Amino acid sequence: MKKRLGLAVMLAAFASLVLPGVASAATVAETLAAKTSEIDMLWVAVATVLVFLMQAGFMFLEIGFSRQKNVGTGVAKVLVNLAIVTIAWWAIGYGVNGAGNDFFGTDGFFFHFGQTIGSGAEAFDVAASDTMLMLFGLAFCAVSLAIVWGTTLERIKFGAYVIYAIVFGAVIYPLVAHAVWGGGLLSDVGGKPVMDFAGSSVVHLTGAVGALAALLLLGARKGKYGPDGKPRAIPGHSMPLVGLGVIILWIGWFGFNGGSTYETAGAFFGEVMLNTQLAAAAGVIGASLAVWLKSRTLDVGMAGNGAIAGLVGITAPSGFVEYWAAPIIGFVAGLIVVYAVLAIERFLDDPVGALSAHGLAGIWGTLAVGIFGSERLIVEGAAPGIWYSLFGDVSFSASFGQLAVQGLAVAFTFVVVFAISFATFALIKATIGLRVSDEEEEAGLDISSHGMYGYPEQFIPQPEYSTGLPSTLGTGAAMPAPSPAQMTATESRLEA
Amino acid sequence: MKKIEAFIRHEAFEPIRAELLDKGFPSLSIVEAKGSGRQKGIVERYRGSTLTVNVRPKLKLEVVVEDKDKSLVVETILKHSRTGEVGDGKIFVLPVEEAIRIRTGEEGEEVLQVHSEPEIPA
């Protein structure tokens with residue numbers, strides 16, 4: 001029986017070799033198209049995992065910049081935020097983000113297989129590849145939300161995370177993403193689209209503006225400003241953890257920018273990834289140089305901020321600029337972050353520098369597309385950057401028009417995100433309260449909000465040793481007088 | 001009995017410990033201490049702000065010895081902990097009333113150190 005089956009398989013294999021015409025040209029093309037799409041989605045899947053890895057980057061970066069009494073809360077925050085934003089995105093956010101009118105998406109709520117999304121010629125039924133893209137979008141939304149909390153470390157009430165995460169995942173981020181990427185207002189401004197390849201404004205500026213709204217209502221940490229009003233350093237407890245966080249974010253960014261190609265055609269993601277690397281490197285150099293010139297020391301945290309600023313800066317231009325422009329964009333972002341951190345610190349207590357690294361570098365990145373956008377790479381309808389007017393034959397009206405459109409994206413993002421975020425945080429402040437009590441802040445959020453320390457041995461003596469004495473001494477029994485034999489034994493040991 | 005408390009630089013401890021053991025004084029303890037004195041604090045720079053830590057880390061070495069051994073131990077500590085720079089530390093000698101070995105309950109000077117010779121050559 002087995003032998004006959006084997007023979008049949010061999011015959012079939014032979015037949016398929018001698019009769020290639022069985023598969024028609026049309027089906028070959030169809031199969032190729034299907035396989036191409038599957039390979040594209042495989043790349044998006046890899047990128048999605050890298051972008052989710054960035055959550056670990058934010059976790060360690062923020063924990064490293066916190067004091068030892070506020071480290072466990074950083075873990076809880078990232079986990080709970082990621083969980084809530086996932087459900088909010090699946091139920092509502094994805095729908096608001098996708099196909100619809102100029103202002104918000106109208107289909108795709110409670111995302112499910114076979115659901116019809118969109119109308120007319122652009123309508124489609126949800127299949128596995130759409131699901132992959134939906135998950136990729138969620139990873140972006142989660143990154144944007146994680147940025148918000150950088151300014152709020154060591155003093156915010158945990159409940160604020162929960163409420164704001166719902167609003168952010170369901171409304172705030174989806175509105176901005178819809179405007180730029182979902183066919184909304186900013187996808188066609190007088191014929192020119194906003195070019196934000198992976199989200200310098202959509203993801204990073206959005207997160208930073210949310211962070212600003214939270215910070216304005218929250219205020220500084222106790223002791224951040226001295227009696228003279230001058231800012232004081234509150235050093236984070238672990239620069240090694242900050243470094244680990246920065247490198248995880250850096251690696252995750254290859255998925256963030258590279259994955260935003262959504263396809264493997266021509267291996268274009270390679271160009272995007274090289275741009276990403278060049279800008280991150282230049283960001284480190286720019287920030288290190290700036291802080292060294294300013295204080296004659298190479299501040300470890302600032303070098304990390306420089307890497308993040310370079311990466312944020314290149315996020316929008318990564319798919320639109322030539323390799324030579326990427327280090328310039330990253331270097332400028334690195335300079336911006338240092339001077340901005342020092343300037344902002346005089347008024348606002350931003351422990352990790354999120355306003356500078358994600359906000360100002362995000363604005364710079366969005367505008368940089370209007371300066372360096374290359375004719376070879378920009379999207380249809382858009383104009384190349386000002387550089388190509390100065391040193392090429394692109395008209396200044398066209399390139400400045402594109403720069404203005406990029407500026408409009410910044411203004412739109414700021415206004416929409418700030419309005420909704422400020423309202424949400426004000427509501428939280430008026431109801432459950434935004435900030436922990438002075439006593440809780442002094443004790444640390446780990447023990448006051450979570451009932452445990454992130455590093456218990458720093459604060460509590462190890463209770464497990466107190467009952468572990470092997471002798472009767474630990475039981476409280478009367479101490480027996482040493483016998484003469486014991487005394488002799490002790491003496492002889494001493495003499496040995 | 002005398003208790004010798006010495007605030008010393010971290011790097012001075014190991015040679016002191018080695019020589020004291022060699023001379024028959026194995027029993028000592030150290031505590032990580034932070035303190036201020038004539039030596040200035042440490043100025044840290046963090047994200048553009050400066051931060052002065054006014055206390056510096058030192059080691060506190062504690063040895064309890066019989067009265068006759070005091071000078072020997074003090075000299076050993078001085079020998080290894082003096083660099084001549086500000087910040088070498090200080091030595092204090094205090095009287096001790098009683099000494100009890102917990103394991104056996106023995107009392108008196110014989111519980112202090114382990115040395116077989118009755119007289120330690122200086």
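How many bridges pair β2(B) with strand β5 (residues 56-65) of chain B, and in which sense do they pair? The answer is seven bridges, in the antiparallel sense, and the views below start from there. This is a predicted model, in which local features need pLDDT of at least 70 and side-chain atom pairs count only at pLDDT 80 or more, while totals for chains, interfaces and linings use all residues. Residues are numbered from 1 along each chain as its sequence is written, and chains are lettered from A and ligands numbered from 1 in the order in which they are written.

**View 1. The open sheet of chain B has four strands in the order β2-β5-β1-β6.**
The pairing in this sheet is antiparallel; two strands count as paired if DSSP finds at least two bridges between them. At the edges are β2 (29-35) and β6 (90-95) of chain B, each of which pairs on one side only. Ignoring direction, neighbouring strands of the sheet are turned by 25° against each other on average. To find your place in the pairing of β2(B) with β5(B), look for Gly35(B), which stands opposite Arg56(B) in β5(B). As a reading aid, in a regular strand the side chains alternate between the two faces of the sheet.

**View 2. Helix α2 (residues 70-81) of chain B lies across β1 (2-8), β5 and β6 of chain B.**
This helix runs at about 5° to β1(B). Axes are lines fitted to C-alpha atoms, for helices over the stretch in contact, and angles run from 0 to 180 degrees between N-to-C directions. Two residues are in contact if their C-beta atoms, placed from the backbone, lie within 7 Å.

**View 3. A hairpin in chain B joins β3 (residues 42-46) to β4 (residues 49-53).**
The two strands run antiparallel and are joined by five bridges. Within the hairpin, Arg45(B) stands opposite Thr50(B) in β4(B). Two residues lie between the strands, and Arg47(B) takes a positive phi near 50°.

**View 4. Chain B as a whole has two helices and six strands.**
Helices (H or I, at least four residues) and strands (E, at least two) are DSSP runs, numbered from the N terminus. Along the sequence, the pattern of chain B reads β-α-β-β-β-β-α-β. Its C-alpha atoms fill a box of roughly 60 × 30 × 20 Å along the principal axes. The radius of gyration of chain B is 17 Å, whereas a compact globule of 122 residues would have one near 14 Å; this radius is taken over C-alpha atoms, and the globule rule is 2.2 Å times the number of residues to the power 0.38. Of the 122 residues of chain B, 19% count as buried. A residue is buried if 20 or more other C-beta atoms lie within 10 Å of its own, exposed if 12 or fewer, and partly exposed in between, with C-beta atoms placed from the backbone.

**View 5. The largest nonpolar core has 137 residues.**
Val85(A), Ile336(A) and Val337(A) have the most contacts inside this core. Leaving out residues up to four places away in sequence, Ile336(A) touches Ala309(A), Ser356(A), Leu360(A), Ala361(A) and Trp364(A). Apart from the largest core lies another, of 13 residues, among them Leu20(B), Phe25(B), Val73(B) and Ile77(B). A nonpolar core is a set of buried Ala, Val, Leu, Ile, Met, Phe, Trp, Tyr and Cys residues joined through C-beta atoms within 7 Å.

**View 6. Helix α4 (residues 128-148) of chain A is mostly covered.**
Of its 21 residues, 15 are buried. At 1.5 Å a residue, α4(A) should span 30 Å, which agrees with the 31 Å between its end C-alpha atoms; the expected span is 1.5 Å times one less than the number of residues. Chain A has 16 helices and two strands, and 48% of its 496 residues count as buried.

**View 7. Two loop residues of chain A, Tyr262(A) and Arg296(A), have a positive phi of about 60°.**
Neither Tyr262(A) nor Arg296(A) is a glycine. Tyr262(A) sits in the loop between α7 (239-258) and α8 (268-295) of chain A and counts as partly exposed because it has 16 C-beta neighbours inside 10 Å. Arg296(A) belongs to the loop between α8 and α9 (300-315) of chain A, and with 8 other C-beta atoms within 10 Å, Arg296(A) is exposed.
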